[in-house]
Amino acid sequence: MKKFWILIKYEWLNFRADKGLLILVTLTLLAGLYGIYYGTTEVQRQQQNIAGLEKLTEHNVEELKAKYPEGTDAGDIGYYHSTFAVHHPDSWASLALGQRDVNPYYIKLRLLNLQSQLYDTENINPQKVLAGNFDLSFVLVYLFPLLIIGLCFNILSIEKEQGTLPLLLSQPISLPLIVGAKLTFRMLVVLGLGLLLSILAMIWGKVLPDGRVALWLGVVVLYCLFWFAVAFLVAALQKNSAFNAVTLLGVWLLLTIVIPALLNVYVSIKQPVPQALALTIQQREVVHGGWDKPKRETMDKFFALYPQWRDTTEIKERFVWRWYYAFHHLGDVAVQDLATQYKQTLLARHELVQKLNVLSVPVNVQGIFNAMAGSDLPSYVQFLQSATRYHDRLREFYYPFLFRQITFTHADFAREPRHSFASAPDMKSATAGLLKLLVSVGIVFGAGLLLFRWKTASVK
Amino acid sequence: MEFALEARQLKKQYQDKLALKGLNLQIEPGEIFCLLGQNGAGKSTTINLFLGFITPTSGAAYINGLEVATNQLKVKEYLAYIPENVMLYPNLTGLENLTLFSSLAGFDYSPESLMQYLIEAGLPSEAATRKVGAYSKGMRQKVGIAIAVAKHARVLLLDEPTSGLDPKASNEFSDLLLKLSGQGTAIFMATHDIFRAKEVGTRVGIMREGELVDVLSTTDLNANELENLYLNYMHA
């Protein structure tokens, strides 16, 4: 044990004197700090925007109050008044932004048909999405492996190449002890850095300090161990440094780029991206057709769904709001199956990726981080469902005004329901991912150990 | 009696070549055995077998009565090794390198006494605190000697240890070997230097194509006779 610590100490002395390694570690540290800054500012920006929406709604209410000083038909309000369904980020989202940049985090809603409003929020910059998020999870999942590769690619081969191995092995120490000490030292450096950045990000992002602290740190440790295991497996092949470097970079490329790309292609074929187009067209046809249909037919269909309004007066006018909103709602009802199918296909796609992510540990780990931070696809789908329920509540709030023909007064604005949805972590997916990660680490380390024992080491 | 170094029917077969053809050899404590032979005669193979760096095809090597192949770690407490080309950690100083290797050997010397070992090995004291990356081959060789001496081993395995040393340093090294042998260290040295072999050696062995063809006591003949004998074997 004493010799183990002697080796560690001299690894440190060697490391300290190696400018290249110091630069590598510093760059990773800076990338991590930038990742934390990027994540927290992005989440702050989203929170500010969400807070701004509240002002926008208030502003809109003030305008309407000025426009209709005496109150008016609720139909006018329903048409001109907009409110927002908002998706608040979880406190952990700054560590793993996930799909929060691609999927809208707020939806502007009016009393009109829902389906045409759910998907027409275009608030992403395609150029930014192309580059992806530079948050902490990106640094940990994609850049940390490069740091580990940089530190470990020549862990054993350098001792042969600089000729120090014969002299080392002429001392009463074994090769496994040497490799073990060198690996341990590098683990201390990398894990120290990874845990430091993670804790910094948690403090900076003011995360809710729940069980996820341990889970996140555990995943960081295991994921780093996975890459150390890969480096160890390659070192056990007893090849030269150049071979090791190329092999390790190849593995990195395969796991972080090639397999995810292939997975994407496979999933697209197996579970095609659902097209909201069919839904939009059908819904539009029904709504627009509503103008030309006999009012009696429209209202009968509507009353079948809402029998409580059946006793309202027969519509004789050319235009009346309750009829207008009725055929808007019928537009939604007509595409209900398509809408459900759309959400289910999205989720099925996510499920398929969850199953296939055993093929790439980085994809799995990114999934764990996103699930923990509530920034993955399921939480977006939950937000859509929550927005749908909010729209239902809005309609139910307005219907008495519309059907009983009660004037909408200024005081009624305050009674209008408001929406707020905060994503929740998906701990089930996260723990399932953790289990897979654990198995991956075990398999690769086991393979490395077997190979290391089986392959006789040459001293030169 | 227990030999410091012993080979029994030691054989090493590489895929295409029989590198060592059943070596039998006994070396007593305090003895200096010099092994002569051309490049590729099997000298380094013999030393690597004693170090346990390679495993014998058949037969066994013993150090202090312990079989090397089955006591890899234990035998290394008894032996010290100076390779033909001592390679050290270039980012560390000579002193740090010596500290590393002597502490791995289980010693806990003060910096002053480690410095003393380096100076005795012929390394200028101002060089000891410079990084090894800037050392000449001879300077590295001297650090290698200090590492071996500081280990106080019972067996010293030397693979052309004086290559790269100037004549003065070589001469001092010979004196050092004689001193160590006087303290009971068994020394096994592969060398090309027939004259130095005659000068310091107790016995000289001549190796050709993996075979120890002759073993002579250095008291029996002078350097010229030894050289002639050696050349005879090589031409045969």
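## Ile6(A), the A–B contact and the nonpolar cores

In this predicted model, Ile6(A) is part of helix H1 of chain A, which spans residues 2-17. Ile6(A) counts as partly exposed because 18 C-beta neighbours lie inside 10 Å, whereas a buried residue would need 20 or more. Although 175 residues separate Ile6(A) from Ala181(A) in sequence, their C-alpha atoms are 9.0 Å apart in space. When residues up to four places away in sequence are not counted, Ile6(A) touches Ser103(B) and Leu104(B).

Across the contact between the chains, 23 residues of chain B meet 19 residues of chain A. On the chain B side, the elements that contribute two or more residues are strand S6 (79-82) and helix H3 (94-104), and H3(B) gives the most, with five residues. By residue class, that side of chain B divides as follows.

| Class of residue, chain B side | Residues |
|---|---|
| Nonpolar | 16 residues |
| Polar | four residues |
| Charged | three residues |

Turning to the interior, the largest nonpolar core has 143 residues, and those with the most contacts inside this core are Ile148(A), Ala231(A) and Ala146(B). Helix H10 of chain A (residues 212-235) supplies the largest share of this core, 16 residues. Ala231(A), leaving aside its neighbours within four places in sequence, is in contact with Ile148(A), Ile149(A), Cys152(A), Phe153(A), Ile155(A) and Leu248(A). A second core, separate from the largest one, has 41 residues, among them Leu109(A), Leu114(A), Leu118(A) and Leu377(A).

Definitions and conventions: Residues are numbered from 1 along each chain as its sequence is written. Chains are lettered from A and ligands numbered from 1 in the order in which they are written. This is a predicted model: local features need pLDDT of at least 70, side-chain atom pairs count only at pLDDT 80 or more; totals for chains, interfaces and linings use all residues. Two residues are in contact if their C-beta atoms, placed from the backbone, lie within 7 Å. Helices (H or I, at least four residues) and strands (E, at least two) are DSSP runs, numbered from the N terminus. Ala, Val, Leu, Ile, Met, Phe, Trp, Tyr, Cys and Pro count as nonpolar, Asp, Glu, Lys and Arg as charged, and the others, Gly among them, as polar. A nonpolar core is a set of buried Ala, Val, Leu, Ile, Met, Phe, Trp, Tyr and Cys residues joined through C-beta atoms within 7 Å. A residue is buried if 20 or more other C-beta atoms lie within 10 Å of its own, exposed if 12 or fewer, and partly exposed in between; C-beta atoms are placed from the backbone.
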